[in-house]
Amino acid sequence: MQLQVARIGKPHGIRGEVTVQVLTDAPEDRFLPGTEFVVEPASAGPLTVRSARWNKDILLLGFEEVADRNRAETLRGAKLFIETEELDDDDDEGWYEHELVGLEARVGSQTVGKVAALNTMPVQDLLVVETPDGKEILIPFVEQIVPEVNIEEGFVLLTPPDGLFEINEEGGAEDPETRGSDSAEDSDEDPTVEDAEPEAKA
């Protein structure tokens, strides 16, 4: 079995470097010069690391097989894999996106959706949970909120803080419009009420 450790983004510069979305907890060990990756699609690889450097929070990789920007452009969206045998020491340290996608998301005994993606962020990873009605909820992937990942039984257990799902849903476009119309109606009605009262007293 192979584990995905990165997804290639856009080219950087003219010498064939690319940005990558890192999907491993140990990038300093996984992207050493000389490391060879299995690539999906297979036509884009294999790829051998020539250089690896950080530009702020973005990892830039150069490959022996990629000499210029035009070639780098053809790699956009490609996935980088290494054999699981090389990761025996890492098995308990974290989860990879392909292991999580498709798992049921449960709160207690209730199924609230399915894991659609894992967003790896510099500060904190986020699970993307798709609800039955098609909404996407971002869940901080920390032990306090995701205490259990059960690959064998096909679910992740969530203990979201109060309002997490509602906050995500209220961040959509519908609520601001609703709130805007409500406030407009209120502002239209209030002056009428205020004006009516003095007239009634007079």
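**Notebook: two phenylalanines, strand β3 and a six-stranded sheet**

**Entry 1. Phenylalanine 31 and its partner.** I began with phenylalanine 31, which has a relative accessible area of 3% and is buried. The model I consulted is a predicted one. I then looked up phenylalanine 37 and found a relative accessibility of 0%. Both residues count as buried because the limit is under 20% relative accessible area, and the values are 3% for phenylalanine 31 and 0% for phenylalanine 37.

I next searched for aromatic pairs and found one in the structure. Its members are phenylalanine 31 and phenylalanine 37, with 5.7 Å from centre to centre and 45° between the planes. I recorded the pair as tilted, because 45° is neither under 30 degrees nor over 60.

**Entry 2. The faces of strand β3.** Phenylalanine 37 led me to strand β3, residues 36-40, where Phe37 and Val39 form the covered face. On the uncovered face I noted Glu36, Val38 and Glu40. I recalled the general rule that side chains in a regular strand alternate between the two faces of the sheet.

**Entry 3. The neighbours of β3.** Which strands are joined to β3 by bridges? I found strand β4, residues 47-55, joined to β3 by two bridges in an antiparallel arrangement. Here glutamate 36 stands opposite threonine 48. I also traced the connection from β3 to β4, which is a hairpin through six residues.

Strand β6, residues 79-83, is likewise antiparallel to β3, and three bridges join the two. On this side I identified phenylalanine 81 of β6 as the bridge partner of valine 38. Valine 38 belongs to the uncovered face of β3.

**Entry 4. The six-stranded sheet.** I then turned to an open sheet of six strands with mixed pairing, and wrote down its order as β10-β9-β8-β7-β12-β11. Its edge strands are β10 (136-140) and β11 (148-150), each pairing on one side only. For neighbouring strands of this sheet I noted an average turn of 35° against each other, with direction ignored.

**Entry 5. β7 beside β12.** In what sense do β7 and β12 pair? I found that strand β7 (residues 104-107) and strand β12 (residues 155-158) pair in the parallel sense, over four bridges. Within this pairing, glutamate 104 has phenylalanine 155 of β12 as its bridge partner.

I finally examined the ring of phenylalanine 155 and found arginine 106 over its face, at 4.2 Å from the ring centre. Phenylalanine 155 therefore appears twice in my notes: as the bridge partner of glutamate 104, and as the ring beneath a charge, because CZ of Arg within 6 Å of the ring centre is part of that criterion.

Notes
Residues are numbered from 1 along each chain as its sequence is written. This is a predicted model: local features need pLDDT of at least 70, side-chain atom pairs count only at pLDDT 80 or more; totals for chains, interfaces and linings use all residues. Side-chain values use heavy atoms; hydrogens and water are left out. Two strands pair if DSSP finds at least two bridges between them. Axes are lines fitted to C-alpha atoms, for helices over the stretch in contact, and angles run from 0 to 180 degrees between N-to-C directions. Rings of Phe, Tyr and Trp (its six-membered ring) pair if their centres lie within 6.5 Å; planes under 30 degrees apart count as stacked, over 60 as edge-to-face and the rest as tilted. Buried means under 20% relative accessible area, exposed over 50%, partly exposed in between (1.4 Å probe, protein chains only). A charge sits over a ring if NZ of Lys or CZ of Arg is within 6 Å of the ring centre and within 35 degrees of the ring normal.
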